[in-house]
Amino acid sequence: MLAITLLTVKRMKEPAFFIFLSIVLVISYFMADLDPLTQQVSGDSIFAQVLDAGRSSQPLLAASFVMFIVCAVLGGFLGASEIPRDISSDLILVILSKPIRKISYMLGKYFGMLIICSSLFIVSEAVIYVTHYINTGELFSLMLMLKQLYLLLAFIPFCAMIIMISCFTGELAAMIVSFFYLVFSLSFSFIPIAMAMLPKGVAGAAGGVVFILYYFFPNFIFYFQDFKMFGLVFIMLLIYSFSLAAIFLAVAVGRLETRDFSKSSDL
Amino acid sequence: MTQKKKIGLIFIIVPVFLLYFLSEAVLREAAVANINPQKVKIDSILNELPDSVRDLVVYRITRTEMLNNLAAAETDDEKVSAMVVLGSYTRDPLEKEKIFWEVRSKYADHPESAAAFAYYLLNDENPKRISLSDYHSYLKKFPQQYQYNVWAAGLNRLNDIRKKITWKDRLDFLRPLLDMKPEFRDYSVLYTEISRIAGRFEFRDIEAKAEALYDESRLCPSIMEFLMQEEMDSLNAGGKGKK
């Protein structure tokens with residue numbers, strides 16, 4: 001598994017990674033001095049209130065939020081092509097001919113992708129902190145910096161989701177499907193919160209149907225909400241991230257176990 | 001996948017799903033607890049919902065408001081208006097039927113009941129169907145200033161069922177207007193409709209008569225002006241009475 005992880009991480013030496021890294025550096029430099037996210041959205045909106053409930057004194061920086069999206073999209077593009085590329089180049093047949101189980105192969109790819117996405121995000125956060133220091137002469141507080149790194153947790157299910165999709169589709173399709181899945185996930189995130197605000201029974205059966213649909217998408221809003229740094233919500237966020245990742249990876253394993261890797265096979 | 005692997009996967013995946021649902025529920029509650037309901041407007045909640053659910057929620061909220069209006073109605077006029085609004089809005093055919101039948105049977109002397117009568121007009125699927133002549137005898141109960149809305153409600157109904165009726169039915173519906181001397185400008189729309197249908201079937205005498213009545217109606221005051229004048233007169237009379 002470690003060998004596969006290292007093989008995946010080697011993509012960080014490819015020109016594509018450096019192009020993406022440059023994009024991340026430039027965007028994070030220009031985003032560094034944005035106000036906290038709570039000041040970027042309308043105070044009356046549900047999103048604003050989920051973000052800022054006065055439970056913690058460390059707000060989520062708008063720059064971190066933007067960089068999370070950017071890193072997720074770019075990391076997703078890199079990761080989505082991993083397994084389909086191995087299949088199309090027959091590399092997977094070479095790898096699986098060695099004493100490596102399919103689950104180890106997939107977990108190796110997953111951790112490799114997690115490292116790539118996390119690296120992009122950590123670098124972008126570092127640029128934000130340094131740029132802020134250069135511009136204002138002040139460092140962000142340690143707790144505030146830690147709070148931004150909570151977004152790293154969101155990459156745990158996100159990378160698993162990308163790996164799952166790439167087990168079902170080809171290289172390009174995996175990128176496109178992953179992007180739309182991310183967009184749908186973000187748009188579906190508010191549904192349960194909005195439903196909970198309505199009087200009981202108003203949404204009726206349609207509400208139930210929408211809720212079932214909602215469970216097919218990870219809710220990334222949970223990672224942006226305001227909560228105490230180390231409390232129940234943090235523990236639940238950890239459980240949520242790992243359990244969701246485990247579900248996505250279980251689906252991916254099921255697919256890899258039954259998939260025919262010969263070139264003439266259907267995708 | 002071997003049987004052993006499948007069983008192993010199930011043993012892992014079931015507790016994982018339980019943990020997922022548990023953590024999701026706690027995180028959702030935490031997110032909802034962050035929100036101050038007094039700060040959030042209903043519109044901003046609705047904006048977050050998909051169209052299908054938003055439509056249903058808006059319908060239920062509006063219907064509840066209409067039911068509240070009906071419960072708060074004091075006079076017969078208010079009650080009929082509230083019932084007609086609710087009956088027209090509801091998507092439940094049984095509720096619609098119940099409301100409109102109650103309006104038709106109890107409040108036939110109110111011009112606000114026009115929507116209920118129009119609902120039954122040429123409604124072949126309903127045993128309580130109203131014919132054109134029944135509708136004419138209903139609308140003739142009212143003075144011209146109130147009659148106009150009854151005509152309009154009937155014409156709208158005929159438009160809704162235009163695939164089931166003929167142009168002759170439409171002309172027959174409007175025909176009594178040719179025997180009426182218009183007192184208000186608003187009727188010009190109805191005469192235009194008669195003239196249009198008559199012209200289409202080359203009923204020249206009807207077309208000519210409708211056009212003449214159209215010209216006549218254009219010289220009359222509008223219903224709105226008339227009602228406002230009536231209200232001002234009654235206010236002035238009340239003021240003088242007090243003096």
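This is a short tour of a predicted model, chain by chain and then site by site.

**Stop 1: chain A**

Select chain A and colour by secondary structure. You get 14 helices and 0 strands. Follow the chain along its sequence and the pattern is α repeated from start to finish: α-α-α-α-α-α-α-α-α-α-α-α-α-α.

Now colour by burial. Of the 267 residues in chain A, 55% are buried. Then turn on contacts between residues at least 6 apart in sequence. In chain A, 81% of these join residues at least 24 apart. Finish with the surface. Chain A exposes about 11,400 Å², and carbon and sulfur atoms supply 72% of that area.

**Stop 2: the cavity in chain A**

Stay on chain A and look inside. Rolling a probe the size of a water molecule over the atoms shows where empty space is left. How many cavities of 30 Å³ or more does a search of the whole structure find? The search finds 1. The space in this largest cavity is about 50 Å³.

Select the lining in three steps:

- Show α4 (62-80), α9 (155-168) and α10 (171-188) of chain A, each of which gives at least two residues to the lining.
- Pick out the lining residues A:A72, A:V73, A:G76, A:F77 and A:A80.
- Add the other lining residues, A:F158, A:I162, A:M175, A:S178, A:F179 and A:L182.

Which helix gives the largest share of the lining? That is α4(A), with 5 residues. Colour the lining by class next. You will find 9 nonpolar residues, 2 polar ones and no charged residues.

**Stop 3: chain B**

Hide chain A and select chain B. Here the secondary structure is 12 helices and 0 strands. Read along the sequence, the pattern is α-α-α-α-α-α-α-α-α-α-α-α.

Repeat the burial colouring. Chain B has 243 residues, and 41% of them count as buried. Repeat the contacts too. Among chain B contacts with a separation of 6 or more, 55% are between residues 24 or more positions apart. The accessible surface of chain B is about 14,500 Å². Carbon and sulfur atoms account for 57% of that surface.

**Stop 4: helix α3 of chain B**

Select residues 51-72 of chain B, which form helix α3. Put a distance between the C-alpha atoms at its two ends. What span should these 22 residues have at 1.5 Å a residue? The expected figure is 32 Å, and the end C-alpha atoms are 31 Å apart, so the two agree.

Show side chains on this helix. B:V53, B:L56, B:V57, B:Y59 and B:M66 in α3(B) are buried.

**Stop 5: B:H136**

Move on to helix α7 of chain B, residues 132-139, and select B:H136 within it. Is B:H136 buried or exposed? B:H136 has a relative accessible area of 9%, which is under the 20% cut-off, so it counts as buried.

Now show its neighbours. Leaving out residues up to four places away in sequence, B:H136 touches B:W151, B:D172, B:F173 and B:P176.

**Stop 6: B:D215**

End at helix α11 of chain B, residues 204-218, where B:D215 sits. Its relative accessibility is 47%, so B:D215 counts as partly exposed. Select B:P182 as well. B:P182 and B:D215 are 33 residues apart along the chain, and their C-alpha atoms are separated by 10.0 Å.

Definitions and conventions: Residues are numbered from 1 along each chain as its sequence is written. Chains are lettered from A and ligands numbered from 1 in the order in which they are written. This is a predicted model: local features need pLDDT of at least 70, side-chain atom pairs count only at pLDDT 80 or more; totals for chains, interfaces and linings use all residues. Side-chain values use heavy atoms; hydrogens and water are left out. On a 1 Å grid over the protein atoms alone, a cavity is a set of points where a 1.4 Å probe fits but cannot get out, and a pocket is an open set with protein on both sides within 12 Å along at least five of seven lines; lining residues have an atom within 4 Å of a point. Grid points are joined across faces, edges and corners, and a volume is the space filled by probe spheres set on the points. Helices (H or I, at least four residues) and strands (E, at least two) are DSSP runs, numbered from the N terminus. Ala, Val, Leu, Ile, Met, Phe, Trp, Tyr, Cys and Pro count as nonpolar, Asp, Glu, Lys and Arg as charged, and the others, Gly among them, as polar. The expected span of a helix is 1.5 Å times one less than its number of residues. Buried means under 20% relative accessible area, exposed over 50%, partly exposed in between (1.4 Å probe, protein chains only). Contact means heavy atoms within 4.5 Å. Accessible areas come from the Shrake-Rupley method with a 1.4 Å probe; for residues, only the protein chains shown count as cover.
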